[in-house]
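Me: Got a minute to walk me through a structure? I'm new to this, so plain words please.

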Amino acid sequence: MRVFVLAGSSRADSLNSRLAELVTGLVDRSEAVADLAHIRDFAVPPYDGDAEAAHGPPEGATALRDRVRQAHAFVIASPEYNASVPGTVKNAIDWVSRFRPQPFKDKQTLLVSASPSMVGGNRGLWALRVPLEHLGARVYPDMFSLARAHQAFAPDGGLLESGLHERLTATVKAFLELVEADTRYPCLRHRWYEFLGDQTNAPVTLRAED
């Protein structure tokens with residue numbers, strides 16, 4: 001299995017970049033293969049419908065679409081900006097959402113965050129769920145938010161508090177088990193989507209299950 005891990009912060013040594021690297025290590029120690037990237041690797045201008053009509057999607061959006069499509073699963077380590085999702089992350093999602101077929105549809109997705117605050121960026125993850133689930137992503141119910149993250153990392157990149165490290169490890173392990181079941185045993189799949197731009201299996205206003 002291939003898992004695309006995206007650090008949603010533009011800063012190279014950000015707390016969420018460190019969390020993304022930690023998740024990457026956990027994925028690699030399983031039977032899956034992690035593909036780590038940072039949001040700055042996919043430079044895109046603010047979404048503009050006129051620019052899209054005149055020039056098509058920018059290279060950064062195409063590259064991000066390709067990485068999402070090539071993976072069986074998607075992990076985002078996203079910071080929280082003013083109790084919500086960062087504009088750079090939302091803008092990248094908006095650009096990628098313009099491709100057909102919809103790259104996020106049915107993509108197993110795990111959301112994690114790190115923040116110096118006591119809520120650990122959790123409010124930003126709740127905001128991030130909305131566009132991803134609208135686009136058909138199957139967002140894992142259990143999110144991981146690391147509070148006081150500026151004091152949480154050990155020199156080796158792990159977490160100082162063993163209980164937190166165990167919880168993150170268990171979350172990633174359970175997520176990967178779900179991805180494996182979804183990938184290897186398609187008879188177990190149960191899809192429910194309501195992406196209004198998707199007309200592959202049903203009229204645009206119809207919820208579909210299979």
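Reply: Sure. One term to start with: helices and strands here are DSSP runs, numbered from the N terminus. Also keep in mind that this is a predicted model.

Me: Okay, where is P101 found?

Reply: P101 is in the loop between α4 and β4, and β4 covers 108-114. The peptide bond that joins R100 and P101 is cis, with omega about 0 degrees.

Me: And which loop does N82 lie in?

Reply: That one is the loop between β3 (73-77) and α4. N82 isn't a glycine, yet its phi is positive, near 50 degrees.

Me: Is N82 buried or exposed, and why?

Reply: N82 is exposed, because its relative accessible area is 78% and the cut-off for exposed is over 50%.

Me: What about A83?

Reply: A83 is found in the loop between β3 and α4 too. Its phi is positive at about 65 degrees, although A83 is not a glycine. With 38% relative accessibility, A83 counts as partly exposed.

Me: Switching topic: how do α3 and α4 pack?

Reply: Helix α3 is residues 59-70 and helix α4 is residues 87-96; their axes are 9 Å apart, at an angle of about 80 degrees. Angles of 65 to 115 degrees count as roughly perpendicular, so that's what α3 and α4 are to each other.

Me: Which residues make the contact?

Reply: From α3 you have A61, L64 and R65, and from α4 there are A92, W95 and V96. R65 has another partner: its charged end sits over the ring of F99, 4.5 Å from the ring's centre.

Me: Rings, nice. How many aromatic pairs does the structure hold?

Reply: Five. One of them is Y140 with F175, an edge-to-face pair with 5.6 Å centre to centre and 70 degrees between the planes. This pair links distant parts of the chain, 35 residues apart: Y140 is in the loop between β5 and β6, and F175 is in helix α6. Both Y140 and F175 are buried.

Me: Which residues form the aromatic cluster?

Reply: F4, F42, F74 and F104.

Me: Last one: what's up with D182? Which helix is it in?

Reply: D182 lies in helix α6, which spans residues 162-184. D182 is buried because its relative accessible area is 11%, and buried means under 20%.

Me: What does its side chain contact?

Reply: The side chain of D182 makes a polar contact with the side chain of R138, at 2.9 Å. Also, the C-alpha atoms of D182 and Q108 are 8.5 Å apart, though 74 residues separate them along the chain.

Methods: Residues numbered from 1 in each chain as written. Heavy atoms only, no water. Helix = DSSP H or I, 4+ residues; strand = E, 2+ residues; numbered from the N terminus. Buried < 20%, exposed > 50% of the residue type's maximum accessible area, 1.4 Å probe, protein only. Polar contact = N/O pair within 3.5 Å; in protein donor to acceptor, adjacent residues only side chain to side chain. Phe/Tyr/Trp six-rings, centres within 6.5 Å; stacked < 30°, edge-to-face > 60°. Lys NZ or Arg CZ within 6 Å of the ring centre and 35° of its normal. Axes fitted to C-alpha atoms, helices over the stretch in contact; angles between N-to-C directions. Parallel < 35°, antiparallel > 145°, perpendicular 65-115°, else oblique. Contact = heavy atoms within 4.5 Å.
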